[in-house]
Amino acid sequence: MTTICLVIQLLSALGIDPAWRGPATILLIAIVAFVTWYALRFGARQVAGRVLARQPPDEEAVLPQVELERRVRTLERTAVRTGGVVIVVVAVLMALSSGFEVDIGPAVAGLGIVGIAVGFGAQTLIRDWLAGIFVVLENQYNQGDVVRIAGVSGVVEDFSLRRTMLRDLDGTVHSVPNGQITVASNLTRVWARVNVDIPVAYGTDLDLATRLINDVGAQLHADPEWATRLLEAPSVVRIGHFGDTGVSLKVLGQVPAAQQWAVAGELRKRILAAFAERGIRIPTAPRMTVPAAGATPVAADLEASGSAPAPEPKDPTAPAGPPRGAG
């Protein structure tokens, strides 16, 4: 009401005829609302640009210019839309009160009740938006990153303040509401680590196996085709764990972001070839064959041990068994 009184006093000071004060007041409110909306639009873009342009600790984590512009537009659009709704509602109420002399008390009370109802009904949507704003401001992940959020892993194909679109290895697209993201794991931020457990059978010369793995890692790092995909040569760092059939060797190596899977696959391939050349055995779990019903126990034991002799060929003309009543 104070603002309305100020508007009326301003119109009186300008010498506007009382008969035209209503339309003049509405026009003045519309001009002020438009200027406020334009200032909000300009200020939102400036603030979003300054916030997102802050340099992160890791230089390689700086947002590309295209991604930065896209995120600035996202924040700007959200702020302008939200602020625009507030400006329009306030301007309409002021115009009704001062321009048309309508009692806006019941309207304000009704809007308060509607706002409470909408707040309860749209609390999930508001939570998604707030979570999306923090994802943007904190630069948790970008489009093209491989992330794990809300129990789903995949490549970020699209992002908005309400939801994140992921595509997994099967090609399935997952739409994850940002409000359901409690932990965001970015698998491709700046650098990654090859983390491989190489199993060897009990009785293996662990020093020999360690030397072979380290040599394979050094050769992979020196290979011109793979040199750009590694930051350091993978090597054995410790004995991993004891299993039922063998022991594992923990192999670690640092690689650029998103290269850990390709490097780990090539490393396993070369280690397997080196083990086969030096006679180092990969442990396998023992298998037991359950004999079918009616089979003789001796045949089952022989089959289970893997040393059953080859059956002699039968004469197709021989009788199937002794004559009936023989013996």
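**Why these labels fit**

Me: What makes the link between the side chains of asparagine 186 and aspartate 145 a polar contact?

Reply: Their polar atoms lie 3.2 Å apart. The cut-off is within 3.5 Å, so 3.2 Å qualifies. Please bear in mind that this is a predicted model.

Me: Which backbone atom does the side chain of asparagine 186 reach?

Reply: The side chain reaches the backbone nitrogen of threonine 188, at 3.0 Å. That value also falls within 3.5 Å, so the polar label holds here too. Asparagine 186 itself belongs to strand S5 (residues 184-186). Leaving aside residues up to four places away in sequence, asparagine 186 touches Gln140, Tyr141, Asp145, Val146 and Val147.

Me: Tyr141 turns up in that list. Why is the pair of tyrosine 141 and phenylalanine 159 called edge-to-face?

Reply: A search of the whole structure gives 2 aromatic pairs. In the one formed by tyrosine 141 and phenylalanine 159, the centres are 5.8 Å apart and the planes make 90 degrees. Pairing asks for centres within 6.5 Å, and edge-to-face asks for planes over 60 degrees apart. Both conditions are met, so the name fits.

Me: Where in the chain do these two aromatic residues sit?

Reply: Tyrosine 141 is in the loop between helix H5 (123-138) and strand S1 (146-149), while phenylalanine 159 is in strand S2 (residues 152-159). They are 18 residues apart, and the pair links distant parts of the chain.

Me: How do you know whether tyrosine 141 and phenylalanine 159 are buried or exposed?

Reply: Buried means under 20% relative accessible area. Tyrosine 141 has 1%, so it counts as buried. Phenylalanine 159 has 5%, so it is buried as well. Over the 327 residues of the chain, 30% count as buried.

Me: What makes arginine 229 a charge over the ring of tryptophan 226?

Reply: The charged end of arginine 229 is 4.6 Å from the ring centre. The distance limit is within 6 Å, so 4.6 Å satisfies it. The label also requires a position within 35 degrees of the ring normal, and arginine 229 is indeed listed as sitting over the ring.

Me: How do you know that S3 and S4 are paired?

Reply: Pairing needs at least two bridges. Strand S3 (residues 163-167) and strand S4 (residues 173-177) share 5 bridges and run antiparallel, so they pass. Among the partners, threonine 164 meets valine 176, and methionine 165 stands opposite serine 175. The two strands form a hairpin with 5 residues between them, and glycine 171 in the turn has a positive phi of about 90 degrees.

Me: Why are S4 and S5 described as edges of their sheet?

Reply: The open sheet of 5 strands is ordered S4-S3-S2-S1-S5, with antiparallel pairing. S4 and S5 each have a single partner strand, so one side of each lacks a neighbour in the sheet. Ignoring direction, neighbouring strands are turned by 45 degrees against each other on average.

Me: What makes strand S6 and strand S8 partners?

Reply: S6 and strand S8 (residues 246-256) are joined by 11 bridges and run antiparallel. With at least two bridges required, they count as paired. One of the facing couples is alanine 201 and glycine 246 in S8. Helix H6 (residues 206-222) packs on the sheet, touching S6, S7 and S8, and its direction makes about 20 degrees with that of S8. Helix H7 (residues 260-278) lies across S6 and S8, at about 25 degrees to S6.

Technical notes. Residues are numbered from 1 along each chain as its sequence is written. This is a predicted model: local features need pLDDT of at least 70, side-chain atom pairs count only at pLDDT 80 or more; totals for chains, interfaces and linings use all residues. Side-chain values use heavy atoms; hydrogens and water are left out. Helices (H or I, at least four residues) and strands (E, at least two) are DSSP runs, numbered from the N terminus. Rings of Phe, Tyr and Trp (its six-membered ring) pair if their centres lie within 6.5 Å; planes under 30 degrees apart count as stacked, over 60 as edge-to-face and the rest as tilted. Buried means under 20% relative accessible area, exposed over 50%, partly exposed in between (1.4 Å probe, protein chains only). A polar contact is a pair of N or O atoms within 3.5 Å; within protein, one must be able to donate a hydrogen and the other to accept it, and residues adjacent in sequence count only if both atoms are side-chain atoms. Contact means heavy atoms within 4.5 Å. Axes are lines fitted to C-alpha atoms, for helices over the stretch in contact, and angles run from 0 to 180 degrees between N-to-C directions.
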